[in-house]
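Me: Could you walk me through this structure, a bit at a time? I'm new to this, so please explain the terms as they come up.

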Amino acid sequence: MDNKQESRYYKYSDYLKKTFGTRVFKITIDAGFSCPNRDGTISTGGCIFCDETGSFSMGHDNCLSINNQIFQGIEYLRKRHKAEKFFAYFQAFTNTYKDVDDLKNIYDSAFCDPSIVGISIGTRPDCVEDEKLDLIASYPNPQIEFGLQTIHDETLKFINRGHDYKTFEDAYFRAKKRGIKVCVHVILGLPYETRSMMLETAKKLGELEVDGVKLHCLTILKGSKLEKYADDIRLLTEEEYANLVVDFFEYLSPDTTIHRIAGSGLRSLTVLPNWINHKFHTQNLVDRIMWEKNIRQGDKFKLRS
């Protein structure tokens, strides 16, 4: 069997190794961006789950130049993981929230080492005008990570996301038209969402045949607006989350790469749930459930008509 079959879901790491013939890792970069959902352009304070760092768990000091962040990342990942090639991953806040000339200077600076083989841009679907997408598409192996979180407009409004689902869908198709691979972030366990609502998000992403998915469990971080609801919101247990992830995978295309099953941040910033920072245990639990139930990614996937 190939790795895709053995793991029962299509790991992004397997896709990268198959594509580039070697281990490829992302170097996370904080380029000092802001967010229109924080500076008053759309709203202030950001999404209710976001802390003051933009939920940027790696904790880079953006006083470091992008070059230095790249060089440090390469050194660390080569020593720890024997990585040979790398993507420059602009992660913190909204990494298209400047004019195109500024963005070009920022993105260009990431290609300061020949081992950088691609670029990944974390951003919002309401901040990707066509000229910005054209710029991103001009780089090797371009990828965008859109924070969608859910397809349900009522939830998007409650979490103060600042855009609706249609805005995401428009940005998605414009990015795909330019040959940009799109990874979609989804949060499971958002307030007032039922299991069926979360699986409707999975079905829609399957219908779109998105390139990648990055899953998160709703987590309460210190300094986030969500923290004041900590006593009122029922968070998912690890077992509930793992079973939901398995069900979610069934509706995705078998060709959608899974970038992350469960995130983990700085322990000092995490309020709840307590299990969230044991991501490898959660991953193993997902694997076990899929084997025990004989489930594979895409079992319930249906192609668009």
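Reply: Helices (H or I, at least four residues) and strands (E, at least two) are DSSP runs, numbered from the N terminus. This is a predicted model, where local features need pLDDT of at least 70, side-chain atom pairs count only at pLDDT 80 or more, and totals for chains, interfaces and linings use all residues. Residues are numbered from 1 along each chain as its sequence is written, and side-chain values use heavy atoms, with hydrogens and water left out.

Me: OK, what follows helix 8?

Reply: Helix 8 is followed by Glu209, which has a positive phi, near 55°. Glu209 is not a glycine, and it is found in the loop between helix 8 and strand 6.

Me: Why mention the sign of phi?

Reply: Because most residues other than glycine have a negative phi. Asn141 also has a positive phi, of about 45°, although it is not a glycine, and it is found in the loop between helix 5 (130-137) and strand 4.

Me: Is Asn141 buried or exposed?

Reply: Asn141 counts as partly exposed, at 36% relative accessibility, where buried means under 20% relative accessible area, exposed over 50%, and partly exposed in between (1.4 Å probe, protein chains only). Glu209 counts as partly exposed too, at 30%.

Me: Back to helix 8, how many residues does it have?

Reply: Helix 8 (residues 195-208) has 14 residues and reaches 20 Å from its first C-alpha to its last, close to the 20 Å expected at 1.5 Å a residue; that expected span is 1.5 Å times one less than the number of residues.

Me: And which of its residues are buried?

Reply: In helix 8 the buried residues are Met197, Met198, Leu199, Thr201, Ala202, Leu205, Gly206 and Leu208. They pack against several elements, including strand 5 (181-188), strand 6 (212-217) and helix 9 (238-250).

Me: At what angle do helix 8 and helix 9 pack?

Reply: The angle is about 35°, with the axes of helix 8 and helix 9 lying 8 Å apart; axes here are lines fitted to C-alpha atoms, for helices over the stretch in contact, and angles run from 0 to 180 degrees between N-to-C directions. On the helix 8 side the contact is made by Arg195, Met198, Leu199, Thr201, Ala202 and Leu205, and on the helix 9 side by Leu244, Asp247 and Phe248, with contact meaning heavy atoms within 4.5 Å.

Me: New topic: which residues touch the most other members in the largest nonpolar core?

Reply: In that core of 68 residues, they are Phe90, Tyr107 and Phe249, and helix 9 gives the most to the core, with seven residues. A nonpolar core is a set of buried Ala, Val, Leu, Ile, Met, Phe, Trp, Tyr and Cys residues joined through side-chain atoms within 4.5 Å. Apart from it lies another core, of 14 residues, among them Phe49, Cys50, Leu190 and Leu235.

Me: How many disulfides does a search of the whole structure find?

Reply: The search finds zero disulfides, a disulfide being a pair of cysteine sulfur atoms within 2.5 Å.

Me: Why is there no bond for Cys183?

Reply: The closest cysteine sulfur, in Cys47, is 16 Å from the sulfur of Cys183, so it is too far for a bond. Cys183 is buried, with a relative accessible area of 1%, and Cys47 counts as buried at 6%.
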